[in-house]
Amino acid sequence: MSTTTASTSRATSGSSLALAVRDSVTMSRRSIHRLIRYPALTVTVLGMPLIFLLLFVFVFGETMGAGIGGAGGGRAEYLHYVVPGVLVMALAGVATSTAISVAMDMTEGIIARFKTMPVARVSVLTGHVVGAVLQSVFVFVTILALAVLLGYRTDVTATGVVTVTVLVLATSLALTWLSVLLGIRAKTVETASNTPMILVLLPFLSSGFVPTESLPIGLAWFAEHQPFTPLMEALRSGLNGTAAGSDLWVALGWCLVAGLASYVGAKRAYDRDPTTS
Amino acid sequence: MTHSLALEITGLHKAYGDHPVLRGIDLTAPTGSVVALLGPNGAGKTTMVNVASTLIRPDSGTVRVLGHDVVREPERVREQIGMTGQYSALDALFTGRENLRLMADLVHLPKAEGRARMGELLERFDLVDAADRPASTYSGGMKRRLDVAMTLIARPRLIFLDEPTTGLDPRSRRTVWDLIREQVADGVTVFLTTQYLDEADTLADAIAVLDGGRIVASGTATELKRLVPGGRLEVRLGSDGDVTAAAASLGPDATVDADALTVSVPYDGEVAQVRSLLARLDGTDVTTFAVHTPDLDDVFLALTGHTTTENHEPQEALR
């Protein structure tokens with residue numbers, strides 16, 4: 001009896017991995033297709049960081065730059081300082097829109113349909129994640145290109161490019177799984193659009209927009225210990241072509257922990273009998 | 001492997017928190033038959049479909065679909081069923097064709113076979129012209145047809161249809177009925193829920209009446225109608241005074257509906273009874289005369305003490 005069970009479960013687990021990959025590819029195509037079919041969502045997600053970039057550079061830039069670069073500092077110095085902050089904020093913005101589209105999906109009948117089909121369960125979620133990560137990369141590259149247009153210049157190094165790529169992928173994966181979790185657990189689409197707002201606000205309380213030393217003591221402590229600061233600093237180093245040091249490992253550690261916990265939570269929330277919650 | 005029973009439900013209980021929804025359901029659907037679950041809103045119809053289609057777990061009792069237990073072998077069950085829920089389960093951003101292709105990919109149909117099946121279903125469901133428009137532009141009837149077509153891509157052996165025609169205009173209803181009949185002709189078992197008695201009457205081989213989480217009666221439409229003895233003879237009268245007079249002359253068997261100005265008596269089917277009734281009403285102002293054979297509405301009323309429409313009308317009005 002026990003041997004039979006073992007061999008059957010092994011046989012099915014082998015094919016179920018192949019099935020999961022295949023279904024995940026189908027679901028990812030669905031997500032990408034949806035993004036293309038509904039570009040307004042991506043435009044909205046691009047709009048916010050773009051507006052913040054312009055605001056920070058042209059409205060606050062001169063004054064902030066003087067604060068950061070000392071007497072000689074100005075708009076150009078602040079542009080250089082703030083770009084990593086805006087980029088991280090852009091990634092957090094994508095997470096918000098992912099939570100909304102997951103929540104919308106969950107409230108529609110199509111999820112019930114998927115759940116009653118012989119479809120690998122996780123594929124519905126991985127589909128969303130793949131779509132969102134691609135959207136993140138697109139938004140990241142676009143905002144970076146716009147920053148370059150505004151005069152943002154750095155020393156590009158091979159290590160820097162690798163560091164930035166790894167960070168963008170790790171961050172968007174972690175943020176996306178977190179937003180998938182929030183999207184599933186949200187009772188309504190409205191909740192799904194409000195809860196992840198914290199992800200957009202947290203970068204402000206980090207080293208992204210002003211150095212943490214300039215903050216009042218309690219806030220400075222928080223800023224130095226919250227995950228967005230090492231992320232921001234590692235990204236800054238990567239973009240500037242300087243060594244990221246321990247910030248990189250701390251940032252990746254945060255991504256790993258948050259991503260894994262969210263993945264497990266999201267999977268559980270998705271599988272759960274909707275009536276027992 | 002063929003099973004004589006496509007669906008076998010024994011002692012099914014399900015509660016949402018403290019609120020019991022299904023309270024001991026026993027029901028079977030023979031392979032190749034159409035079984036209708038008839039009941040008002042809130043009776044537990046959708047919950048039953050959700051349990052049988054592996055969406056939610058039963059609290060107790062067993063549900064077997066084509067021989068497989070829904071709790072222990074949900075994957076085996078999912079391979080053989082198709083489910084069309086009450087609300088449209090399609091991707092509104094996709095076209096009809098893209099929705100069908102998504103389904104074909106998810107059930108791993110080989111490319112050529114998938115394309116052939118899609119063409120066949122678009123044709124059969126009269127969606128060829130709309131195939132390349134986004135589903136968000138479809139009418140209610142078209143959405144429902146696409147929904148059912150998506151369910152059928154995988155050639156399921158048992159299909160669940162949760163209120164397949166709710167909210168549809170009469171013509172679309174008839175189209176959906178025809179499509180269901182075609183499936184049955186192909187040997188598919190259909191388990192459908194409905195709050196419409198005529199739907200159950202037209203489509204189903206067997207009807208189970210669900211009320212308050214219990215099956216209160218089951219059988220063929222004819223068997224259920226037999227539960228309500230005989231029909232009624234009904235006369236509509238010209239005035240309140242005539243109603244009183246008619247009620248008096250027809251005796252204690254007469255049922256009076258003062259608002260509708262009608263009086264009715266049980267009818268045994270004999271012509272003599274009609275003659276004698278009209279003779280007794282000679283002198284009263286009878287405007288119309290009708291013979292009612294019992295329909296499922298009467299059965300429902302007799303079984304549950306309320307009609308099927310009582311519970312759902314307020315919600316219908318909101319739509």
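**Helix α5(B) and its surroundings**

Student: How far apart are the end C-alpha atoms of α5(B), and what span should its 13 residues have?

Tutor: In this predicted model, the end C-alpha atoms of α5(B) are 19 Å apart. At 1.5 Å a residue, its 13 residues should span 18 Å, so the two values agree.

Student: Is α5(B) mostly covered or mostly open, and how many of its residues are buried?

Tutor: The helix is mostly covered, since 10 of the 13 residues of α5(B) are buried.

Student: Which residues of α5(B) are those?

Tutor: The buried residues are Lys143(B), Arg144(B), Arg145(B), Leu146(B), Asp147(B), Val148(B), Ala149(B), Met150(B), Thr151(B) and Leu152(B).

Student: What do the buried residues of α5(B) pack against?

Tutor: Their partners in chain B are β6 (81-84), α3 (96-106), α4, β7 and α6 (170-185).

Student: Take β6(B) next. Which residues lie on its two faces, and are they buried or exposed?

Tutor: One side of β6(B) carries Ile81(B) and Met83(B), the other carries Gly82(B) and Thr84(B), and all of them are buried. Both faces of the strand are therefore covered.

Student: In which sense do β6(B) and β7(B) pair, parallel or antiparallel?

Tutor: β6(B) and β7(B) pair in the parallel sense, over four bridges. Within this pairing, Gly82(B) stands opposite Ile159(B) of β7(B).

Student: Chain B has an open sheet as well. How many strands form that sheet, and in what order?

Tutor: There are four strands, in the order β2-β1-β4-β5 of chain B, with antiparallel pairing.

Student: Which strands stand at the edges?

Tutor: The edges are β2 (19-30) and β5 (68-69) of chain B. Each has a single partner strand, so one side of each is left without a neighbour in the sheet.

Student: How many bridges join β1 to β4 of chain B?

Tutor: Five bridges join β1 (residues 5-16) of chain B to β4 (residues 60-65) of chain B, and the two run antiparallel. In β4(B), Val65(B) is the residue opposite Leu7(B).

Student: Changing topic to the backbone: what is the sign of phi at Asp126(B), and of what value is it about?

Tutor: Asp126(B) has a positive phi of about 55°, although the residue is not a glycine. Most residues other than glycine have a negative phi.

Student: Where is Asp126(B) placed, and how is its exposure classed?

Tutor: Asp126(B) sits in the loop between α4 (111-124) and α5 (140-152) of chain B. Asp126(B) counts as partly exposed because 14 C-beta neighbours lie inside 10 Å.

Student: And what is phi near for Arg155(B)?

Tutor: Phi of Arg155(B) is near 50°, again a positive value in a residue other than glycine. Arg155(B) belongs to the loop between α5 and β7 (158-162) of chain B. With 13 C-beta neighbours inside 10 Å, Arg155(B) is classed as partly exposed.

Student: Into which domains is chain B divided, and how far apart do their C-alpha centres lie?

Tutor: Chain B comprises domain 1 (5-225) and domain 2 (231-293). The C-alpha centres of domain 1 and domain 2 of chain B lie 44 Å apart.

Student: Now chain A. How many helices and strands does chain A have?

Tutor: Chain A has 12 helices and zero strands.

Student: How does the radius of gyration of chain A stand against that of a compact globule?

Tutor: A compact globule with 277 residues would have a radius of gyration near 19 Å; chain A has 21 Å, which agrees. The C-alpha trace of chain A spans about 80 × 40 × 35 Å along its principal axes. Of its 277 residues, 45% count as buried.

Student: What share of the contacts in chain A between residues at least 6 apart in sequence join residues at least 24 apart?

Tutor: That share is 77%.

Student: How many residues of chain A are in contact with chain B?

Tutor: 18 residues of chain A are in contact with 22 residues of chain B. On the chain A side, α1 and α5 (109-115) of chain A are the elements that give two or more residues. By class, that side has seven nonpolar, four polar and seven charged residues.

Student: Thr26(A) caught my attention. Where does Thr26(A) lie, and why does Thr26(A) count as buried or exposed?

Tutor: Thr26(A) lies in helix α1 (residues 2-37) of chain A. Thr26(A) is buried because 20 other C-beta atoms lie within 10 Å. Leaving aside neighbours within four places in sequence, Thr26(A) is in contact with Asp105(B) and Leu106(B).

Conventions. Residues numbered from 1 in each chain as written. Chains lettered and ligands numbered in written order. Predicted model: local features only at pLDDT ≥ 70, side-chain atom pairs only at ≥ 80, totals over all residues. Buried ≥ 20, exposed ≤ 12 C-beta atoms within 10 Å, placed from the backbone. Contact = placed C-beta atoms within 7 Å. Nonpolar A, V, L, I, M, F, W, Y, C, P; charged D, E, K, R; others polar. Domains from an automatic or database assignment. Expected span 1.5 Å × (residues − 1). Rg over C-alpha atoms; globule rule 2.2 N^0.38 Å. Pairing = 2+ DSSP bridges.
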